[in-house]
Amino acid sequence: MSTALATLHALAGAALFVLGLYALLVRADLLRRIMAINVAGAGVFLVLVAVAYRGGEAPPDPVPHAMVLTGIVVAVCGTAVALVLAGRVAAAEEETSGGEGSAVAEDGEGR
Amino acid sequence: MSGALLAAFDAVLVGLLLWLAWRALSSPEVFAGIVAFIAFGLCMALAWVRLRAPDIALAEAAVGSGITGALLLAAWDRISRPPNARGGGRHEPPAGAE
Amino acid sequence: MSRRQAPSEPPLRRAAAAALATAIAVALGWAVLSLPPESAGLVQEAFAELERSGAANPVTAVLLNYRAYDTLLEVAVLLLAAIATWSMARADEPDRGIARGAVLRGLARLLAPLLIFVAGYFLWLGSARPGGAFQAGAVLGGAGVLVLLAYGRRRVLPPPALARLALASGLAVFLAAGAAAMAAGGRFLEGRGELAAVAILVVETAAVVSIGVTLAALYLGGRPPAGGAAAASHAGERGG
């Protein structure tokens with residue numbers, strides 16, 4: 001690590017990754033798990049950018065920056081698809097557990 | 001700003017990041033967790049600025065915090081209050097909804 | 001959510017997860033602390049070719065020239081996510097009784113044009129200063145989310161054909177730029193010469209519109225009905 005700042009952020013990134021991983025393994029509800037994956041991803045990005053840091057004067061390495069930018073966009077895409085899937089899972093569970101009325105009508109409208 | 005002040009700022013920022021992430025993942029209410037997650041995204045944007053990555057800071061504030069937060073809130077709304085189960089008007093989510 | 005949640009995880013599973021997490025934490029911490037103080041990376045190469053790359057902002061040069069293929073695939077992933085979400089859900093939910101007051105509408109009226117302006121600013125600025133296509137597209141997506149929130153999806157849905165065109169245009173223009181590079185005698189997506197800056201700007205412009213519409217489409221959470229806003233309003237009254 002080039003400086004103490006970078007080391008601090010890299011360690012924080014590792015801690016965030018482990019936090020997200022633990023929450024992913026332990027929490028039962030889907031929204032929390034999706035948030036846990038996002039938190040773990042943020043930790044990974046922190047480590048990447050901390051490695052690219054070169055101190056207060058020298059410009060940082062732009063290649064990890066570009067990778068993290070791509071990673072952020074891909075992460076939001078994955079989150080969006082995962083949330084739609086979570087909505088479908090919840091709707092299916094409402095159906096099978098006999099929710100009042102039905103959250104999902106016969107022909108799939110309403111969802 | 002002097003070096004010691006910046007170091008203190010960095011320490012507080014990192015502590016805030018870790019605490020917000022922990023709150024996002026372990027608060028008893030999902031809504032509080034999502035709000036903590038949005039705040040976490042904004043603090044991440046600050047961390048990117050400290051690491052001299054302003055492009056990433058812009059993208060994180062808009063996409064990582066804003067769009068992801070909006071997606072999470074919309075999904076929470078759909079999941080915790082299914083559309084045809086109740087009439088119109090606001091309802092509190094069921095207590096303990098996770 | 002219904003009370004169907006699984007009972008809280010059994011303690012054995014929690015302990016196993018905690019043990020795994022601790023082991024990974026120790027390994028990661030050790031790996032981070034034992035990294036060399038200065039990794040060479042590709043800084044020298046990146047900055048050496050910066051003048052010829054068509055952008056003065058090194059991150060933009062990396063995104064749209066050195067590693068343009070990654071960015072092409074990223075735009076494709078955005079389109080894929082829109083296709084996936086739209087094919088799994090519909091956006092004709094009735095209004096949920098959400099209070100859409102004058103404050104929210106006024107805020108949207110005030111902010112949306114400003115956000116579009118800021119997006120254009122980031123796009124133009126991205127070649128020399130921090131900014132660029134993704135930041136601009138993200139701001140534009142935020143404007144879309146704001147308008148959807150303030151006015152309700154029943155009233156602001158564009159005609160689906162137009163929406164689909166906007167979703168696909170980013171990838172299409174990117175592919176066309178790559179093919180144009182081949183037609184000009186180079187390789188696919190090779191950004192070299194005076195046309196590199198022009199190509200970057202053209203691709204970024206199309207990408208900004210596409211990214212903004214994609215993010216708003218992801219927030220919409222489902223495909224709009226075939227008739228556009230009118231049909232959504234009708235369905236809302238029926239189902240609401």
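Q: Patches are made of residues with over 30% relative accessible area and no salt bridge (a side-chain nitrogen of Lys or Arg within 4 Å of a carboxyl oxygen of Asp or Glu); like charges are joined within 9 Å, nonpolar side chains (Val, Leu, Ile, Met, Phe, Trp, Tyr) within 5 Å. Which residues form the nonpolar patch of chain C?
A: C:Tyr69, C:Leu73, C:Leu175, C:Met182 and C:Phe188 form that patch on the surface. Together they have about 480 Å² of accessible area (Shrake-Rupley method, 1.4 Å probe; for residues, only the protein chains shown count as cover). This is a predicted model: local features need pLDDT of at least 70, side-chain atom pairs need 80 or more, and totals for chains, interfaces and linings use all residues. Residues are numbered from 1 along each chain, chains are lettered from A and ligands numbered from 1 in the order written, and side-chain values use heavy atoms, without hydrogens and water.

Q: What makes C:Leu175 partly exposed?
A: C:Leu175 has a relative accessible area of 39%. Buried means under 20%, exposed over 50%, partly exposed in between (1.4 Å probe, protein chains only). The value falls in between, so C:Leu175 is partly exposed. C:Leu175 also clears the patch cut-off, because 39% is over 30%. C:Leu175 lies in helix H9 of chain C.

Q: Which helices each supply at least two residues of the nonpolar patch?
A: Helix H5 (68–88) and helix H9 (160–183) of chain C do. Helices are DSSP runs of H or I, at least four residues; strands are runs of E, at least two; both are numbered from the N terminus.

Q: How do you know what chain A and chain C are built from?
A: Count the elements. Chain A has three helices and zero strands, in the pattern α-α-α. Chain C has eleven helices and zero strands.

Q: How much of each chain counts as buried?
A: In chain A, 59% of the 111 residues are buried. In chain C, the share is 40% of 240 residues.

Q: What share of the contacts between residues at least 6 apart in sequence joins residues at least 24 apart?
A: In chain A, 52%. In chain C, 81%. Contact means heavy atoms within 4.5 Å.

Q: What makes up the accessible surface of these two chains?
A: Chain A has about 3,800 Å², with 66% belonging to carbon and sulfur atoms. Chain C exposes about 12,200 Å², and carbon and sulfur atoms supply 70% of it.

Q: What is the area buried between chain A and chain B?
A: About 3,700 Å², of which carbon and sulfur atoms give 77%. Buried area is the accessible area (1.4 Å probe) that two parts lose on being put together, summed over both. A:Leu31, A:Arg32 and A:Met35 lose the most area in chain A, together 17% of what that side buries. The contact takes 46 residues from chain A and 45 from chain B.

Q: How many salt bridges and polar contacts link chain A and chain B?
A: Zero salt bridges. Five residue pairs are in polar contact, both at pLDDT 80 or more. That means N or O atoms within 3.5 Å, one able to donate a hydrogen and the other to accept it within protein; residues adjacent in sequence count only if both atoms are side-chain atoms. Helix H1 (4–26), helix H2 (30–52) and helix H3 (62–96) of chain A each supply at least two residues of the side touching chain B. The largest share, twelve residues, comes from H3(A).

Q: Is B:Arg52 buried, exposed or partly exposed?
A: Partly exposed, because its relative accessibility is 31%. B:Arg52 lies in the loop between helix H2 (30–50) and helix H3 (54–80) of chain B. Its phi is near 60 degrees, a positive value in a residue other than glycine.
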